[in-house]
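Me: Hi! I'm new to this one, could you walk me through it?

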Amino acid sequence: MKIEKVNGKETSFSIAPADGSYKVNFGEAEFEAYFKDLLRPKLVEMLF
């Protein structure tokens with residue numbers, strides 16, 4: 001499965017079979033967005 005656009009925004013996300021399991025790939029912007037939600041606001045300011 002590959003997702004390239006969500007709500008009109010370009011995105012990079014895919015799930016594919018690999019070695020009897022599954023491999024998940026996502027782009028840099030998706031990685032940042034995910035981890036920004038987990039961090040405290042001050043740390044987000046320092047890192048990004």
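Here is a short chat that goes from the overall layout to single residues.

Me: What kind of model is this?
Reply: This is a predicted model.

Me: Good to know. How many helices and strands does the protein have?
Reply: There are 2 helices and 3 strands. Going along the sequence, they come in the order β-β-β-α-α.

Me: And what size of box do the C-alpha atoms fill?
Reply: Along the principal axes, the box is roughly 40 × 30 × 10 Å.

Me: How much of the protein counts as buried?
Reply: Of its 48 residues, 8% count as buried. The accessible surface comes to about 4,500 Å², and carbon and sulfur atoms hold 56% of that area.

Me: What about contacts between residues 24 or more positions apart, what share do they account for?
Reply: They make up 0% of the contacts in the protein with a separation of 6 or more.

Me: Let's pick a residue. Where is S14?
Reply: S14 is in strand β2, which covers residues 9-18.

Me: Buried or exposed, and why?
Reply: S14 counts as buried because its relative accessibility is 17%, and the cut-off for buried is under 20%.

Me: Which residues is S14 in contact with, leaving aside neighbours within four places in sequence?
Reply: S14 is in contact with M1, K2, K23, V24 and N25.

Me: V24, you say. Which nonpolar surface patch is V24 part of?
Reply: V24 joins F26, F31, Y34, F35 and L38 in a nonpolar surface patch of about 610 Å². Two elements, β3 (21-26) and α1 (28-38), give two or more residues each to this patch.

Me: Which element gives the largest share?
Reply: That is α1, with 4 residues of the nonpolar patch.

Me: Tell me about F35, where is F35 and how exposed?
Reply: F35 is in helix α1. With a relative accessibility of 33%, F35 counts as partly exposed, because that value falls between the 20% limit for buried and the 50% limit for exposed.

Me: Switching to charges: how many positive and negative ones are there?
Reply: The protein has 7 positive and 8 negative charges, and their mean positions are 4 Å apart.

Me: How many salt bridges does that come to?
Reply: The count is 2 salt bridges. One joins the side chains of K2 and E4, at 3.4 Å from N to O. Another joins those of E10 and K5, at 3.7 Å from N to O.

Me: Are those residues buried or exposed?
Reply: K2 is exposed, at 62% relative accessible area, while E4 is partly exposed, at 47%. E10 and K5 are both exposed.

Me: K2 came up before, didn't it?
Reply: Yes, K2 is also among the residues in contact with S14.

Me: Last topic, the backbone. What is unusual to point out about N7?
Reply: N7 is not a glycine, and yet its phi is positive, about 50 degrees. N7 sits in the loop between β1 (2-6) and β2, and N7 is exposed, with a relative accessible area of 80%.

Me: And what is the phi of D19?
Reply: D19 has a positive phi of about 55 degrees, and D19 is not a glycine either.

Me: Where is D19, and is D19 buried or exposed?
Reply: D19 lies in the loop between β2 and β3. D19 is exposed, with 85% relative accessible area.

Notes: Residues are numbered from 1 along each chain as its sequence is written. This is a predicted model: local features need pLDDT of at least 70, side-chain atom pairs count only at pLDDT 80 or more; totals for chains, interfaces and linings use all residues. Side-chain values use heavy atoms; hydrogens and water are left out. Buried means under 20% relative accessible area, exposed over 50%, partly exposed in between (1.4 Å probe, protein chains only). Contact means heavy atoms within 4.5 Å. Accessible areas come from the Shrake-Rupley method with a 1.4 Å probe; for residues, only the protein chains shown count as cover. Lys and Arg count as positive and Asp and Glu as negative; His and the chain ends are not counted. The place of a charge is taken as NZ of Lys, CZ of Arg, CG of Asp or CD of Glu. Patches are made of residues with over 30% relative accessible area and no salt bridge: like charges are joined within 9 Å, nonpolar side chains (Val, Leu, Ile, Met, Phe, Trp, Tyr) within 5 Å. A salt bridge is a side-chain nitrogen of Lys or Arg within 4 Å of a carboxyl oxygen of Asp or Glu.
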